[in-house]
Amino acid sequence: MNIRIPGAALAAVLALAFPLHAHAQVKVGVVVSATGPTALVGIPQKNTVPLLPTQAGGQTIEYITLDDASDPTQTVTAFKKLITESHVDALIGPTGSPNSMSVLQFAAESGTPMLAPVGAASVVLPMTEQKKWAFKTTQNTDIIAQALVQDMVKRGIKTVGFIGFADAYGDDWYQVFSRMAKDQGLDLIATERYQRTDTSVTGQALKLLAAKPDAILVAGTGGAAALPQTTLAQQGYKGRFYQTHGAALPAFLKFAGKSAEGTILAASLMLVLPEIPDSNPSKPIVQDYIQRYQAKYGETPATFGANVYDAGLLLQHAIPTALKSAQPGTPEFRRALRDALEQTHELVATQGVYSMTPEDHSGFDKRGRELITVKDGAWTLLH
């Protein structure tokens, strides 16, 4: 018996069976700063995308990568394009903290989970209705700052100077570090800021030098983290330099040169992998990532690339759970994916072990950091 269904009714049935924009695979948009001032961070992130998982829960994963040229305005354009034209199920990126802050509202409005490989904890803290759609694959500021402050106290440092980016990354570090320093009896006696694109910080360095702090913390990323340090060293500063995990890449060692010697930072185990015991659960995952990256590009990746790699591992872990609720390409799937990411527990990855909660969308503990120094021009564990 043949049953004829009117066209409008058939369309309604099909719409229920196959929701608008439902995909045959999971689509993930990736926005990186492969060009512009933040390119030293963004290039290893872009290079990592071909190494990300391509299967999860029986579904293939498609990655669509766009370059925002380190410009927050272009980040917004790229995010909107991925959301409205490509109908992505999740977003990885962008590279810079200011860029991430500029797109939080668009991830939230579209209900698209966003995994940001950035430093500033303000992307996920304090938790808000917007930020509940954002997750972060870089250690939160407080975990790193705590290790630095503890080392300062241990060394008998009394006075500290601070110079950081005049943006979300610098703001976040100033707020967290100044509070922790005060709590531990450290006197923050001089504070300066600079732009990521600056080619000179002589004025700021002279003010820091005049204050004569025992130590100076630089809150910058990539090669730009070296500029204040080299300038201060050239002007004769003899105190201790501390850096954030934003300086954790070969370019810092190259640009800082001799002034890098003795610098202390807290960062990923990836910087000092040969010194990490085999019992560390993250070590084999880091080794696999580095080997695959080296095989493809002929060089060792920066930790910033590993932050994107971890975003891929988090999605691979969450997708099978989300598929139990809905199909890719639907609002229901994106929400289920967000919920699954938030329930991540003890997921071992390159940067540490992730355990997310509704209040904590970074999920790191002390297993996500190592105290590191520069000796003979190379990173080494601080003993």
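The paragraphs below walk through a predicted model, taking its two sheets, the helices packed around them and its nonpolar cores in turn.

We begin with the sheet of 6 strands, which is open and mixed in its pairing, with the strands ordered β2-β3-β1-β4-β5-β6. Its edges are formed by β2 (55-56) and β6 (134-136), and because each of these has a single partner strand, one side of each is left without a neighbour in the sheet. At the β6 edge, strand β5 (residues 114-116) runs parallel to β6 and is joined to it by 3 bridges, and within this pairing Met-114 has Ala-134 of β6 as its bridge partner. Across β5 and β6 lies helix α4 (residues 97-110), whose direction makes about 170° with that of β5.

The second sheet to consider is also open and mixed in its pairing, and its 7 strands follow the order β8-β7-β9-β10-β11-β14-β15. Here β8 (187-194) and β15 (378-381) stand at the edges, and since each has a single partner strand, one side of each lacks a neighbour in the sheet. On average, and ignoring direction, neighbouring strands of this sheet are turned by 25° against each other. Strands β10 (residues 240-243) and β11 (residues 264-267) run parallel and are joined by 2 bridges, with Ile-264 in β11 as the bridge partner of Tyr-242. Helix α6 (residues 168-183) packs on this sheet, where it touches β7 (159-165), β8 and β9 (215-219) and runs at about 160° to β7. Helix α7 (residues 202-211) likewise lies across β7, β8 and β9, and its direction makes about 175° with that of β8.

Turning to a contact between helices, α2 (residues 39-48) packs against α10 (residues 283-297) with their axes 11 Å apart and at an angle of about 95°, and the two helices are therefore roughly perpendicular to each other. In this contact, Pro-44, Asn-47 and Thr-48 of α2 meet Tyr-289, Tyr-293 and Tyr-297 of α10, a set that divides into 4 nonpolar residues, 2 polar ones and no charged ones.

Finally, the largest nonpolar core contains 67 residues, and those with the most contacts inside it are Phe-252, Leu-315, Ile-319 and Trp-379. Helix α11 (residues 303-323) gives the most to this core, contributing 12 residues. When neighbours within four places in sequence are left aside, the contacts of Phe-252 include Gly-222, Ala-225, Gln-243, Ala-260 and Trp-379. Apart from this core lies another, of 35 residues, which includes Phe-165, Trp-173, Tyr-194 and Ala-266.

Technical notes: Residues are numbered from 1 along each chain as its sequence is written. This is a predicted model: local features need pLDDT of at least 70, side-chain atom pairs count only at pLDDT 80 or more; totals for chains, interfaces and linings use all residues. Side-chain values use heavy atoms; hydrogens and water are left out. Two strands pair if DSSP finds at least two bridges between them. Helices (H or I, at least four residues) and strands (E, at least two) are DSSP runs, numbered from the N terminus. Contact means heavy atoms within 4.5 Å. Axes are lines fitted to C-alpha atoms, for helices over the stretch in contact, and angles run from 0 to 180 degrees between N-to-C directions. Angles under 35 degrees count as roughly parallel, over 145 as roughly antiparallel, 65 to 115 as roughly perpendicular and the rest as oblique. Ala, Val, Leu, Ile, Met, Phe, Trp, Tyr, Cys and Pro count as nonpolar, Asp, Glu, Lys and Arg as charged, and the others, Gly among them, as polar. A nonpolar core is a set of buried Ala, Val, Leu, Ile, Met, Phe, Trp, Tyr and Cys residues joined through side-chain atoms within 4.5 Å. Buried means under 20% relative accessible area, exposed over 50%, partly exposed in between (1.4 Å probe, protein chains only).
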